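Trainee: Could you take a close look with me at the salt bridges in this structure and at what surrounds them? I would like one careful, connected explanation, please.

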Amino acid sequence: MFRIGMDLGGTKIEGIVLDESGKELFRKRIETQQENGYRHILNRTKELHGELAAQIKDQPHTFGIGTPGAISPRTGLMKNSNTVCLNGQPVKSDLENLLGRKIEIQNDANCFAMAEALHGAGRGEKLVFGVIMGTGCGGGIAHKGEVIVGRQAIAGEWGHTSINPDGPICYCGQRGCVETFISGGGAAARFAEKFGTEKSFREIEKDFYAGDAKAVEFMKIYFRNFGRAMANLIDILDPDIVVLGGGVSKFDALYTEGVAQVAEFVFSDSLETPIVKNQLGDSAGVIGAALVGI
């Protein structure tokens, strides 16, 4: 059966069609236009699904959507989405009614983990933890080719575990979340606090490689926070592999200095867990959405 997947983000909706073997047949990206509200996003999703289905002449297919946030098992409503107009809305049931079919909606990090487990850097491993380190910091778990969602649909959300209860306030309302320290946005905010200079993560990274004293000092703290956060995760889950995605995953020093700090903190006599860069890049989310579809 064909598979259709969508990556529903705040600025764009990307769709893909895969054949029975997982080969990409068609892909398209449109603007989300979230400023026009909840119903408009649903209609945009329906519109794109129609275009994707037309590419396979409306033959039978599964359909999955990956998006930040999750459908609450308790209420059936969207929660934790950074596309805030979706929060508190019955996104899944409304879309199913609009399309006249069943769909699956998963957190985008779960989709990333699924794609990398089946077709990317985690291929062949049983327990894969996928990490998205971009503007924010998310995670997902794939076990034997299936996503682990959890009772509250928050499995893998390591970005909102705290590594400093006296740390900065996170948008989630807690203090010292992993996201506030090691995401791209969090790191930029901490740099500005420390030095009074606003720089993007990419600029800090460039300065670090150039040997800038402030950037080198800052990154020592950054790597230590990364090591502590990742070690906490490995201590609990002990995955076969950790795959990093998102813009921050392109920072090569994470796989040397960062991993060295993980080894310092992990509850073991040695660090055996491979921590690797993703293989599917920006395509992982939409491919994963197609793979989790029903």
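Mentor: With a relative accessibility of 15%, D94 counts as buried, a word used here for residues under 20% relative accessible area, whereas exposed means over 50% and partly exposed lies in between, all found with a 1.4 Å probe on protein chains only. The model is predicted, so local features need pLDDT of at least 70 and side-chain atom pairs count only at pLDDT 80 or more, while totals for chains, interfaces and linings use all residues. Residues are numbered from 1 along each chain as its sequence is written, and side-chain values use heavy atoms, with hydrogens and water left out.

The partner of D94 is R39, and the closest N and O atoms of this salt bridge are 3.4 Å apart. Because D94 sits in helix α2 (residues 91–99) and R39 in helix α1 (residues 38–55), the pair ties together parts that are 55 residues apart in sequence. R39, at 52% relative accessibility, counts as exposed. Helices here are DSSP runs of H or I with at least four residues, strands are runs of E with at least two, and both are numbered from the N terminus. Side chains of opposite charge can pair when their charged atoms come close; the rule for a salt bridge is a side-chain nitrogen of Lys or Arg within 4 Å of a carboxyl oxygen of Asp or Glu. By this rule the count comes to 15 salt bridges.

A second pair stays inside one helix: R190 and E193 both belong to α5 (residues 184–195), three residues apart, which is about one turn of the helix. Their closest N and O atoms are 2.8 Å apart. R190 counts as buried at 14% relative accessibility, whereas E193, at 57%, counts as exposed. Beyond such pairs, D7, K12, E14, E24, R27 and R29 are joined into one network by salt bridges that share partners. Within that group, K12 bridges to D7 with the closest N and O atoms 3.1 Å apart, and D7 counts as buried at 14% relative accessibility.

E116 offers a contrast, for this residue is buried yet has no salt bridge, and the nearest side chain of opposite charge, R123, is 7.1 Å away. For such comparisons Lys and Arg count as positive and Asp and Glu as negative, while His and the chain ends are not counted. Contact means heavy atoms within 4.5 Å, and, leaving aside neighbours within four places in sequence, the contacts of E116 include R123, N278, Q279 and A284.

E116 is part of helix α3 (residues 108–119), and this helix packs against helix α9 (residues 284–292) at an angle of about 85°, with the axes 7 Å apart. The two are therefore roughly perpendicular to each other, since angles under 35 degrees count as roughly parallel, over 145 as roughly antiparallel, 65 to 115 as roughly perpendicular and the rest as oblique. The axes are lines fitted to C-alpha atoms, for helices over the stretch in contact, and the angles run from 0 to 180 degrees between N-to-C directions. Among the residues that meet are F112, M114 and E116 in α3, and A284, I287 and L291 in α9. By class, the contact has ten nonpolar, three polar and one charged residues, where Ala, Val, Leu, Ile, Met, Phe, Trp, Tyr, Cys and Pro count as nonpolar, Asp, Glu, Lys and Arg as charged, and the others, Gly among them, as polar.
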